[in-house]
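Please take a look at the protein below. Keep the sequence and the 3D view side by side as you read.

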Amino acid sequence: MSRRNDPLFEAYLFETRQLVEEAELILIRCEKVKHMDAESIHEIFRAMHSIKGSSAMMEYGCMAETAHSVEDLFYYIRQENPQIDFNRVSDIILNVLDFMKSVLDCIENDAELPQINTETIQSIYAYLDVLKGKPPAIDVPGDAQQKAPE
């Protein structure tokens with residue numbers, strides 16, 4: 001059933017696309033200097049928090065769950081200020097933003113939504129475990145070489 005002409009639906013699409021674009025611009029800015037400052041970390045955290053809440057309200061679980069995992073990662077980074085692997089975090093965010101854009105396209109075109117992006121979510125939590133100095137709960141390619149920051 002189409003939600004076209006529903007102001008809440010239209011607001012969700014507009015605001016979520018805007019937040020995804022903002023996060024992308026932040027990432028591009030950070031890539032130029034290969035560093036994420038505290039403000040950038042906070043802005044990405046805030047964007048994911050907003051996407052999580054509005055997606056849950058609209059019952060788009062795949063978006064809410066994906067945003068929640070990034071929010072958890074950035075909450076830890078924001079609170080604990082660990083040494084991060086910028087390239088790895090950047091790759092995670094790029095994957096998430098690409099997934100979110102594809103989901104938004106599906107929503108907008110009344111297409112079937114993809115399943116929760118389990119592989120990306122698992123890689124986010126595996127990296128979060130690395131940052132916390134724990135062995136990852138799952139085996140994710142690339143984690144064998146990744147060491148916890150000293």
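This report covers confidence, the nonpolar core and one helix pair.

This is a predicted model, where local features need pLDDT of at least 70, side-chain atom pairs count only at pLDDT 80 or more, and totals for chains, interfaces and linings use all residues. Residues are numbered from 1 along each chain as its sequence is written, and side-chain values use heavy atoms, with hydrogens and water left out.

The pLDDT is the predictor's confidence in each residue, from 0 to 100. The protein chain averages 89. At least 70 is reached by 89% of the residues. Residues 140-150 fall below 50. Beyond near neighbours in sequence, this stretch has 16 contacts (heavy atoms within 4.5 Å) in the model.

A nonpolar core is a set of buried Ala, Val, Leu, Ile, Met, Phe, Trp, Tyr and Cys residues joined through side-chain atoms within 4.5 Å. Buried means under 20% relative accessible area, with a 1.4 Å probe and protein chains only. The largest core here has 43 residues. M36, M48, M63, L73, F74 and I93 have the most contacts inside it. The table shows the elements that give two or more residues to this core; helices are DSSP runs (H or I, at least four residues), numbered from the N terminus.

| Element | Residues |
|---|---|
| Helix 1 | 7-33 |
| Helix 2 | 38-57 |
| Helix 3 | 61-80 |
| Helix 4 | 86-108 |
| Helix 5 | 118-131 |

Helix 4 gives the most, with 11 residues.

How do helix 4 and helix 5 meet, and at what angle do their axes cross? The axes come within 11 Å and cross at roughly 155°. Axes are lines fitted to C-alpha atoms, for helices over the stretch in contact, and angles run from 0 to 180 degrees between N-to-C directions. That makes helix 4 roughly antiparallel to helix 5, a label for angles over 145 degrees. R88, V89, I92, N95 and V96 of helix 4 make the contact with T120, S123, I124 and Y127 of helix 5.

Note on methods:
Buried < 20%, exposed > 50% of the residue type's maximum accessible area, 1.4 Å probe, protein only. Parallel < 35°, antiparallel > 145°, perpendicular 65-115°, else oblique.
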